[in-house]
Amino acid sequence: MQTIPPKEQIDFETNKRLLNRYRFIEYETLRILAGWLPATARMEWKLAMGRLLWEDAQHVQQLYQRLREIQTPAFRPPGDAALEQLMAEAIHAPNECDLIAGLFRVIKPALIEAYRWHNEQTFANPDAPTRYAFKHILIDEEEQVRWAAEILADHPVGPWEQYIAALLSAAGGVTGRNERTPSPQPFSPATPFTPARQAMRDPRFSLVNRKAGQVIKEPDIATRRQLEFENYSQEMLAAETVAQVIYLSPQMPWEFTYDSARHCYDETRHCQLGIEWMKHHGLDFTTVPQNTRIFAWRSQYDPATQYTMLTMGNEVHAFPYRHESIAAYKQYNDQLSIQYINYDMADERQHVAYGKKWIPELLEKNGIDTPAEQFISEAVALWEAEYRSGTLPIHDEQRL
Ligand SMILES: [Fe+2]
Ligand SMILES: [Fe+2]
């Protein structure tokens with residue numbers, strides 16, 4: 001009998017172990033980006049983070065779909081304390097520049113290298129579904145790394161980035177196959193991450209609580225339209241709440257995080273849509289004061305209440321107003337505004353569906369035993385009283 005030794009370095013067991021490591025890194029990166037989205041000040045970076053975390057959710061999903069074909073349960077920790085330490089530490093960056101540098105100049109380039117190597121070293125035909133996933137994941141990852149290289153071109157490698165590189169090296173790299181170096185000393189001074197209670201904005205913006213949550217009753221169509229798109233340019237506030245809910249809900253099933261990553265990305269796209277509309281009309285989006293009080297108000301509540309007020313309050317109630325807008329803009333054949341609102345409404349219908357799908361489980365996972373219907377009507381009543389009224393009370397100012 002002839003036996004042929006395989007030339008491939010990655011056998012079936014190694015493949016599983018490695019896919020678990022990649023899935024873990026992608027998932028933790030998503031969570032870190034979600035945690036930092038409200039705490040990041042630069043608007044352009046916040047807009048990018050919505051996309052980045054959604055792309056990473058796609059990568060987790062592809063790896064998960066492959067993993068569930070070869071192991072049960074499909075989601076499991078990588079079983080490597082050093083790798084877990086790397087991803088646990090990466091969130092505690094001293095500032096947003098270092099955060100992006102650690103994730104996208106250290107961890108992601110190493111992940112790309114691992115995907116490329118794995119692609120070459122796995123069994124080409126028997127493991128073709130894995131290679132198909134890598135091929136597509138790599139398109140995003142390479143672009144993410146290019147994005148970070150560009151925005152951080154003037155940011156020299158600092159102690160934080162060196163610390164992250166040392167942690168990665170202590171884990172034997174992304175694959176765990178490199179020679180492991182000793183764990184570095186804890187980073188000093190320590191800057192432990194805590195979920196944001198304030199939505200950060202860069203210095204171009206002024207902050208104000210202006211007409212928060214109130215329906216625009218402007219009879220002049222041109223003014224109404226401008227106010228509507230100025231409001232879109234503030235939808236980062238919705239993205240920030242969804243990001244916060246993702247970060248505060250690690251106990252929820254993967255499918256919730258997957259849906260919510262899309263929800264968060266959509267809200268950054270709605271914000272971008274407002275910005276683009278304003279640019280088309282010669283208006284500067286940075287002149288629109290940002291109602292960051294909305295985030296401070298919403299984030300004082302538990303994640304189930306935040307999510308319910310957003311999906312069953314804001315999102316359910318937006319449709320009559322949008323239909324009115326479309327009817328009004330049709331009179332002027334304002335196709336740009338109509339198209340933008342149509343796409344927005346398509347997303348918002350999904351967001352309402354996410355709300356209906358996930359609220360019962362969010363309640364359960366948050367230890368709330370109020371029946372879902374009752375919880376929703378109470379949350380909407382709270383939203384009416386505190387948001388629609390424009391008062392946005394902060395009940396415990398000291399926690400801010
Ligand atoms: Fe939206
Ligand atoms: Fe939405």
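**Figure 1. Asp 266 and its contacts.** Leaving aside neighbours within four places in sequence, Asp 266 is in contact with two residues that are worth finding here, Asp 347 and His 351. The model shown in this and every other view is predicted. Asp 266 is found in helix 9, and this residue is buried, with 23 other C-beta atoms within 10 Å. For a sense of distance, look also for Ser 337: its C-alpha atom and that of Asp 266 are separated by 17 Å, while the two residues are 71 residues apart along the chain.

**Figure 2. Arg 262, another residue of helix 9.** Helix 9 covers residues 254-280, and Arg 262 has its place in this helix. Is Arg 262 buried or exposed? Arg 262 counts as buried because it has 20 C-beta neighbours inside 10 Å, and 20 or more is what a buried residue needs. Please look for Trp 54 in this view as well. Trp 54 and Arg 262 are 208 residues apart in sequence, yet their C-alpha atoms are 5.7 Å apart in space.

**Figure 3. The whole protein, for orientation.** Stepping back for a moment helps to place the close-ups. The secondary structure comes to 14 helices and zero strands, so a reader following the chain from the N terminus meets one α element after another. The radius of gyration is 23 Å, close to the 21 Å that the globule rule gives for 400 residues, so the protein is as compact as a globular protein of that length. Along its principal axes, the C-alpha trace spans about 85 × 50 × 50 Å. Of the 400 residues, 43% count as buried. Among contacts between residues at least 6 apart in sequence, 81% join residues at least 24 apart.

**Figure 4. Where domain 1 meets domain 2.** The protein is divided into domain 1, residues 12-170, and domain 2, residues 221-399. Taken over C-alpha atoms, the centres of these domains are separated by 28 Å. How many residues does each domain bring to the contact? Domain 1 gives 16 residues and domain 2 gives 19 residues. On the side of domain 1 that touches domain 2, helix 1 (12-36) and helix 2 (43-70) each supply at least two residues. Helix 2 provides the largest share of that side, with nine residues. By residue type, this side of domain 1 has ten nonpolar, three polar and three charged residues.

**Figure 5. Inside the largest nonpolar core.** This core holds 94 residues, and the members that touch the most others are Leu 33, Ala 34, Leu 53 and Cys 264. Which helix gives the largest share of the core? That is helix 1, with eleven residues. The core draws at least three residues from domain 1 and at least three from domain 2. Leu 33 is a good place to start looking: not counting residues up to four places away in sequence, Leu 33 touches Met 49, Leu 52 and Leu 53.

**Figure 6. Two cis peptide bonds.** Most peptide bonds are trans, and this view picks out two that are cis. One of these bonds joins Thr 72 and Pro 73, with omega of about -5 degrees. Pro 73 is found in the loop between helix 2 and helix 3, the latter being residues 81-89. Another cis bond joins Ser 188 and Pro 189, where omega is about 0 degrees. Where is Pro 189 placed? Pro 189 lies in the loop between helix 6 (159-170) and helix 7 (221-232).

**Figure 7. Asn 333 and Leu 392, each with a positive phi.** Most residues other than glycine have a negative phi. Asn 333 is not a glycine, but its phi is positive, at about 50 degrees. This residue sits in the loop between helix 12 (319-330) and helix 13 (335-365). Asn 333 is exposed, with 7 other C-beta atoms within 10 Å. Leu 392, also not a glycine, has a positive phi of about 45 degrees. Look for Leu 392 in the segment after helix 14, which covers residues 372-388. Leu 392 counts as partly exposed, because it has 18 C-beta neighbours inside 10 Å.

Methods: Residues numbered from 1 in each chain as written. Chains lettered and ligands numbered in written order. Predicted model: local features only at pLDDT ≥ 70, side-chain atom pairs only at ≥ 80, totals over all residues. Helix = DSSP H or I, 4+ residues; strand = E, 2+ residues; numbered from the N terminus. Buried ≥ 20, exposed ≤ 12 C-beta atoms within 10 Å, placed from the backbone. Domains from an automatic or database assignment. Contact = placed C-beta atoms within 7 Å. Nonpolar A, V, L, I, M, F, W, Y, C, P; charged D, E, K, R; others polar. Core = buried A, V, L, I, M, F, W, Y, C linked by C-beta atoms within 7 Å. Rg over C-alpha atoms; globule rule 2.2 N^0.38 Å.
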